[in-house]
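Trainee: Could you go through this structure with me? I would like to begin with the helices.
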2 protein chains.
Amino acid sequence: MHGVLDPTRRVRRTPFTPGVEAAGVKSYIVYNHMLLPTEFHSVEADYRHLKNHVQIWDVACERQIRLKGPDARKLLQMVTPRDCARLDPTRCLYVPICDHTGGMMNDPIALQIAEDEFWLSIAPSPVEAWLSGIAAALDMDVHISEPDVSPLAIQGPKSEALAARIFGDAVTDLGFFRCGRFAWNGVNWLVARSGWSGQGGFEIYVEGTANGMPLWNALMAAGQDLQVRAGCPNAIERIESGLLSYGGDMTLADTPLQCGLGKYVSDNQLAQCWGGRALKEEREQGSTRMLRPVEIDGDLPGFVDPWPLMAGETQVGEVRVSRYSPDFATNVAIAMVDRSHWFAGTELTVRAGSINERAVIRDTFWN
Amino acid sequence: MHGVLDPTRRVRRTPFTPGVEAAGVKSYIVYNHMLLPTEFHSVEADYRHLKNHVQIWDVACERQIRLKGPDARKLLQMVTPRDCARLDPTRCLYVPICDHTGGMMNDPIALQIAEDEFWLSIAPSPVEAWLSGIAAALDMDVHISEPDVSPLAIQGPKSEALAARIFGDAVTDLGFFRCGRFAWNGVNWLVARSGWSGQGGFEIYVEGTANGMPLWNALMAAGQDLQVRAGCPNAIERIESGLLSYGGDMTLADTPLQCGLGKYVSDNQLAQCWGGRALKEEREQGSTRMLRPVEIDGDLPGFVDPWPLMAGETQVGEVRVSRYSPDFATNVAIAMVDRSHWFAGTELTVRAGSINERAVIRDTFWN
């Protein structure tokens, strides 16, 4: 890109930006109108460190959309095909959000904060405006807003050790996708066992901008001997671990079934949720395409836009993200592939710009 | 800002980006997830040139939200307090869009493309998602989408001369906020007499990405002797001309009446449009605050976040944008000011960081 990005109120800094800058961030993307770091040392060096040590991630851009009021649970259940009956204040639920056609509107983690209050920790799409329109149109008794809450992630194999030093040993008892309140420095922090890597860790939902840097600094100080570093979601590791990125790997044009998220589509919801009719039909007839892990040979150009996936001269899919994986010594990729060619072991050709390379569909992700 | 912006599909290039880059763009902002140039030579040099010559602006980021279907007009009229009865295919209408509280959701120009098709040329807010939610919730027969249409502006005192060389002399007969179709190079271009400067000009709604650069190049070639240049909305000139910027000068927390847009709020709509009850009440009781042009003395720091506007020790408003104007030899600013202090001639103090300067409320904008 030529030219630089102007400072503007349209791109928001986060409570942790001073820490991120002090740590020597090299680049960002803009995510929910907010800065998201993408690189500190190099994507490869950050990857190696993430897999061996522990990192603190500024993921404040995973904004919380708060649904509060007597109709909050009803609204949430209306827009996700996942049965939310199990959702309670001790548990996180990954909930595909679908529009009336069954298309993926977002894929947040849902939290229950109080009897009549839920937060959706969103990927980049305008969930607040969409839900506000729906709630107002249907005259529902629920207020939609974006509170001053910013997730901070602790990720990597040493994240338990580091989290325990701040929040006490009890935090290590949290099961996967469980959450609870843990005291430190006079604040009761909401901590979940979650995060956008396959290396284990926690996410802290930091309530109040002023609480951000004290926690950041405390984690950095407490983890020195653990070689803690500022980090960020890693473009290689997340593909290896099969963590999907909304807006890149999947969009409103894809259904949760096509995204391989069928286990989050509950049969008992399809009679009532938005898009339920389309999803029921798709489930009965079988999806026509599916997101699949793909291994690609050769030296590929940097990935920006989708690459066609070819069977001979016929396009049978598209690669939606690809990166070279040092640990697996291949290009790891995620592709949307037609049913005719989605079976593991199928050999295809990817057209990456002017380069043609062999691609093989895999059965599972790498990590 | 430390660090650079990563290339990503989340920030879209425009059909004109190759031309913008070739012209040596210096910086961008991200606007509706798309690049918007903010500077070519310098903001001051661009300003001087805009006022004397003619510029071509890549304003593709003014995305079009298409409402198409039998209920399209009904949906449009539901979310704006402006009476759209006069809207027809020869006319543009500036329409405040309001949510159910009467807050400004956006301030697009509306175009009627066909009997059952309208475009909203939007400022940055998620209108598509919001309208889609509303339309689906109310089961309205209208499809909401973002077509491949990218506005290109011709602005400046020589814009008539340049436009006529491409679209023929008939284009100079277009009245202000009138639009029509003009043939060039085998395409029937939709051209409006409009644009986000006070220097006069046109906006062409370029349909189809592939049509972008041929038109850009033709305008650049045809305007050489007019000293045509690539330009962009100018941060100084637009304040002088009183052109409001949604997301900066005004947000969802402001009503159109508070934004000085009362003439676009039609009494006959308030019984039926979203937010109509709140706007009717505000009109009857009088607004408690209003956007006002303000002149500020002294040497001010660069504007990023709002500056408090003080009457003694009491805050009575905030400056929402400010720039030094070479032509008026003062800082031109737009502020939201409480009723008690909004009258022209009122002297206040602005707190710009650590600097206090005298501010005077004006009756009208500068240009």
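Mentor: Let us begin where two chains come together in this predicted model. Helix H4 of chain A, residues 127-137, packs against helix H4 of chain B, also residues 127-137, at an angle of about 30 degrees, with the axes 7 Å apart.

Trainee: Why give both an angle and a distance?

Mentor: Two packed helices are described by the angle between their axes and the distance between the axes.

Trainee: So are H4(A) and H4(B) roughly parallel or oblique to each other?

Mentor: They are roughly parallel, because angles under 35 degrees count as such. The crossing of H4(A) and H4(B) is right-handed.

Trainee: Which residues meet there?

Mentor: From H4(A) come A:Ala129, A:Trp130, A:Gly133, A:Ile134 and A:Ala137, and from H4(B) come B:Ala129, B:Trp130, B:Gly133, B:Ile134 and B:Ala137. Sorted by class, the contact of H4(A) with H4(B) has eight nonpolar residues, two polar and no charged ones.

Trainee: How many residues of H4(A) are buried?

Mentor: Nine of the 11 residues in H4(A) are buried, so that the helix is mostly covered. Among them are A:Val127, A:Leu131, A:Ser132 and A:Ala135.

Trainee: And what follows H4(A)?

Mentor: A:Asp139 follows H4(A), and its phi is positive, near 55 degrees.

Trainee: Now another pair. How do H5(A) and H6(A) pack?

Mentor: Helix H5 (residues 159-167) and helix H6 (residues 212-222), both of chain A, pack at an angle of about 120 degrees, with their axes 10 Å apart. H5(A) is therefore oblique to H6(A). The crossing of H5(A) and H6(A) is right-handed.

Trainee: What does each helix bring to that contact?

Mentor: H5(A) brings A:Leu162, A:Arg165, A:Ile166 and A:Phe167, which meet A:Leu215, A:Ala218, A:Leu219 and A:Ala222 in H6(A). The residues of the contact of H5(A) with H6(A) comprise seven nonpolar, no polar and one charged.

Trainee: Over to chain B. What is buried in H2(B)?

Mentor: In helix H2 of chain B, residues 43-52, the buried residues are B:Val43, B:Asp46, B:Tyr47, B:His49, B:Leu50 and B:Lys51. The elements of chain B against which they pack include strand S3 (34-39), strand S12 (149-155) and helix H7 (237-240).

Trainee: Last topic: the strands. Which ones close into a barrel?

Mentor: In chain A, six strands close into a barrel in the order S17-S20-S19-S18-S21-S22, with antiparallel pairing. From one strand to the next, the twist averages 40 degrees.

Trainee: How many bridges join S19 to S20?

Mentor: Eight bridges join S19 (residues 314-325) to S20 (residues 330-338) in chain A. A:Glu318 stands opposite A:Met336 in S20(A).

Methods. Residues are numbered from 1 along each chain as its sequence is written. Chains are lettered from A and ligands numbered from 1 in the order in which they are written. This is a predicted model: local features need pLDDT of at least 70, side-chain atom pairs count only at pLDDT 80 or more; totals for chains, interfaces and linings use all residues. Side-chain values use heavy atoms; hydrogens and water are left out. Two strands pair if DSSP finds at least two bridges between them. Helices (H or I, at least four residues) and strands (E, at least two) are DSSP runs, numbered from the N terminus. Axes are lines fitted to C-alpha atoms, for helices over the stretch in contact, and angles run from 0 to 180 degrees between N-to-C directions. Angles under 35 degrees count as roughly parallel, over 145 as roughly antiparallel, 65 to 115 as roughly perpendicular and the rest as oblique. A crossing is left-handed if the near helix is turned anticlockwise from the far one by less than a right angle, and right-handed if clockwise. Contact means heavy atoms within 4.5 Å. Ala, Val, Leu, Ile, Met, Phe, Trp, Tyr, Cys and Pro count as nonpolar, Asp, Glu, Lys and Arg as charged, and the others, Gly among them, as polar. Buried means under 20% relative accessible area, exposed over 50%, partly exposed in between (1.4 Å probe, protein chains only).
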